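Have the model open and turn it so that the helices can be followed by eye. The text below goes through two helix pairs and then a pocket.

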Amino acid sequence: MADLVKHVRRYSMAGVFNSLFGYIVIFGLMWLSVSPPIANIVGYTLGLIMAFVLNRQWVFEAVHGHIPGQAIRFLITFLLSFALNYGVLLILLEQAVNPYLAQFVAGCCYSLLMFPLSRYFVFRHRAVKKVV
């Protein structure tokens, strides 16, 4: 349970940092008249590498894992989470929700899926068997 609390706390802190970066990119592009869906794609793409490094090195401390395997699982997890994010964004925009609020709500949906998949699928810890 202590690990879960630590992971949630660190994931939240890393998420705030990464989200600020992503939203600066997204809102900056929207300010430059880039469409909200394209701005969303660019912002999340640029945050992908930063998120992988933060989650691997600091949040889940999975530095002894197999990097290519983790990277593939992270990409799969990202694509699933981003698909949810993008779908929510499009639905909210169709409903004439303020585009900035729509981006925020879509981002929350992304995080609510990304954390458990990262913890239990991407950076899962395997028990080491002792040989006697």
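A crossing of two helices is called right-handed if the near helix is turned clockwise from the far one by less than a right angle, and left-handed if it is turned anticlockwise. In this predicted model, the crossing of α1 and α4 is right-handed. The axes of α1 and α4 cross at roughly 145° and come within 10 Å. On the α1 side, the contact is made by D3, L4, H7, V8, Y11, Y23, I26, F27 and M30. From α4 the partners include P99, Y100, Q103, F104, G107 and S111, and further along M114, F115, R119 and Y120. Sorted by class, this contact of α1 with α4 has 13 nonpolar, four polar and two charged residues.

Helix α4 also meets α3, which covers residues 67–94. Here the axes come within 8 Å and cross at roughly 155°. Angles over 145 degrees count as roughly antiparallel, and therefore α3 is roughly antiparallel to α4. The crossing of α3 and α4 is right-handed. Their contact has 21 nonpolar, seven polar and one charged residues.

What space does the largest pocket hold? The volume is about 410 Å³. The pocket is lined by 23 residues, and the closest to its centre are G15, N18, S19, Y110 and S111. Elements that give two or more residues to this lining are α1 (2–31), α2 (36–59) and α4 (99–122). The largest share, nine residues, comes from α1. By class, the lining divides into 13 nonpolar and ten polar residues, with no charged ones. S111 is thus listed twice: in the contact of α4 with α1, and among the residues closest to the pocket centre.

Key:
Residues numbered from 1 in each chain as written. Predicted model: local features only at pLDDT ≥ 70, side-chain atom pairs only at ≥ 80, totals over all residues. Heavy atoms only, no water. 1 Å grid on protein atoms, 1.4 Å probe; cavity = no way out; pocket = protein on both sides within 12 Å on 5 of 7 lines; lining within 4 Å. Points joined across faces, edges and corners; volume = space filled by probe spheres on them. Helix = DSSP H or I, 4+ residues; strand = E, 2+ residues; numbered from the N terminus. Nonpolar A, V, L, I, M, F, W, Y, C, P; charged D, E, K, R; others polar. Axes fitted to C-alpha atoms, helices over the stretch in contact; angles between N-to-C directions. Parallel < 35°, antiparallel > 145°, perpendicular 65-115°, else oblique. Contact = heavy atoms within 4.5 Å.
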